[in-house]
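Trainee: Could you take me closely through one part of this protein, and set that part in the context of the whole chain?

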Amino acid sequence: MSFHKPITAMTLQDVQSWARNADNTDYANAVGRYPSLTDNLDLSQIPADLVVIKQRLPIDGFNPSLCKSEGAYKATRRKIIAAVKGANGDMRAAKERRARVDEWTDLLSALEPHAVTSCKKKTAAKQILVPIKKLADIARMSEVKPREISQDWLDSISTQLDTNEWKTLQRALKTLNRLRRDKTVLGFLPAEPFPAPKPRRKENLHIIPPHIASEINEWVHNATLTEFDPVEQEYVNAVSKSNVDFKLAAMRKFISTLIRSGELSPNTNKGLRDLMTPEQATVAVRYWSRHEGQKSHITARTAYDYLKSNYVVMARNGVDPIPMKNHLQANRFLKRGKMDGSDMSPKNRKFCEQLLASPQQTMKFLSMHVQLRNQAKELLDEISKDGRKPSDNEVAQVRQIGTVAAICALETRGAPIRIESALELVLRGPGKTFHLPVGKTKHATIDLGIEHTKNDVEIWAPINPGNLNGLEVILWYLEKIRPLYPNYEASVHLFPGFKNGKALEYRTFLSWFKRHTRAVGLPMTPHQFRHGLASLLLQHNPGRWDLLERLLDDTPATVRRNYAWVNERAKRTEVQEYILDLSGVGR
């Protein structure tokens, strides 16, 4: 049987057979694990489609309930992809391309001396050329020479590249820009340096005409100012940054969709008032619904939420949204989006389900602050033992881990306040919102007024000593970690940022949180952390909605909408225990 040109579409069963015939047990076993990592279909029913496989096994898709570690997950993923490439001939073709003698060969040879002189370690020197070799391989597939490489060409094949491949190729271009000072290297490259790429994640920005982009900023600004102080002659109590960002994204997505669909020219002179109409909304929603499920396209839930946000922005800028709402009210795509949005998102629910099902993961979740504190302490102790000054990278690493540990302590041992609110906690001064133990008061306190919370509720929560080391971790953070921030002494914030007078930025913390929770075996977002804590509380106290409302400081309707499924499952378990008691088992 030929595995390179199958008569029928190749399946993972074929790939596993190829691996076994090649005596590659590692590859065969990895392919055999694919069903358990996805939807448990038989290997014979799964097409050996690399695009689909990479989507089903994303690079950041580690699930602690399915793999023992992130490293094990990535190794399995890598072997599955390699096995498919081996079975379909891609591996052999890649080997043939690497063996070619062409202009790419000459360029790589010219770069070798620079790789050696750029790094002290030989292993690191080899790594410098890896992105360029990847670029060479992709270019050879398209018969593109080094001097023909451009950002426009990469844009033209971007749909075939996943995020990591795209980043690798951009690193290659940056390295080539840096080394083009060598005339030999320059001789193989375009005359002009490679420009910066258009942002992939913010593709809506570069295609929106500047005058409309400016209008969007102005409209959202008007829509997110809540009260006008006649004495100070200024707006106060503006909404959170996340709210502003969401409204900007919703408006930009609407306009960029009109351009992508061909309905609106990028050179249009029209303004927002001409475009926020029922007719244009029809075009946008039709485009969203027809592309749902495709890479980089929004879901029905997001589409509904975006339009709901746009209605608010329109109304607060003097444009009546009712005609658009009435025009779209019967649309099935948006109705489904509304229904999907009435419950916890599937991704968040999946995280909570996995957490509730595993006592080990539950314990890891509740003791995350201690685990991370211990990890940071080990790094500091190791540096101290060596009797040396920590490097910049080591300082950054310890600072990140220690900060995430302190936030986890606040959330689990104090109150699961929104991360934006936690990062803005004030340690000293007249606006203090975080109080350390003083005098006979043994606990620390989170004390937020209604002006600091999303739902206009006051939050008061003590953090007691000895309560699973929550207060101890925070005090350790203040002593060992907070001083690692630049200008920390001048900052009034519990979590000082890198900009003078500002608190730590949410996006910066988000990347830290995701990275280090994944590293300890429980990958999640800060929002999932809050969901997880609420789900655990309700699982052990079914029917106690009052506890959940106090925990989250959220409205009864929101709490019941998001966590009804947890309550139903907890009640079912309770009923089963009563039935077990009826049987007399265990008596």
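Mentor: Let us begin with a term: accessible areas come from the Shrake-Rupley method with a 1.4 Å probe. On that basis the accessible surface of this protein, which is a predicted model, comes to about 32,300 Å², and 51% of that surface belongs to carbon and sulfur atoms. The secondary structure comes to 28 helices and 5 strands. The radius of gyration is 28 Å, close to the 25 Å that the globule rule gives for 587 residues, so the protein is as compact as a globular protein of that length. Of the 587 residues, 43% count as buried, and among the contacts with a separation of 6 or more, 63% are made by residues 24 or more positions apart.

With that background, the part to look at closely is Gln400, whose place is in helix α22, covering residues 392-413. Gln400 counts as buried because its relative accessible area is 11%, and buried means under 20%. If we leave aside the neighbours within four places in sequence, Gln400 is in contact with Trp512, Arg515 and His516.

For another view of buried residues, turn to helix α15, which runs over residues 278-290 and reaches 18 Å from its first C-alpha to its last, close to the 18 Å expected at 1.5 Å a residue. Buried residues in α15 include Pro278, Gln280, Tyr287 and Trp288, so that a glutamine is found among the buried residues of this helix, just as Gln400 is buried in its own place.

How values were computed:
Residues are numbered from 1 along each chain as its sequence is written. This is a predicted model: local features need pLDDT of at least 70, side-chain atom pairs count only at pLDDT 80 or more; totals for chains, interfaces and linings use all residues. Side-chain values use heavy atoms; hydrogens and water are left out. Helices (H or I, at least four residues) and strands (E, at least two) are DSSP runs, numbered from the N terminus. The radius of gyration is taken over C-alpha atoms; the globule rule is 2.2 Å times the number of residues to the power 0.38. Buried means under 20% relative accessible area, exposed over 50%, partly exposed in between (1.4 Å probe, protein chains only). Contact means heavy atoms within 4.5 Å. The expected span of a helix is 1.5 Å times one less than its number of residues.
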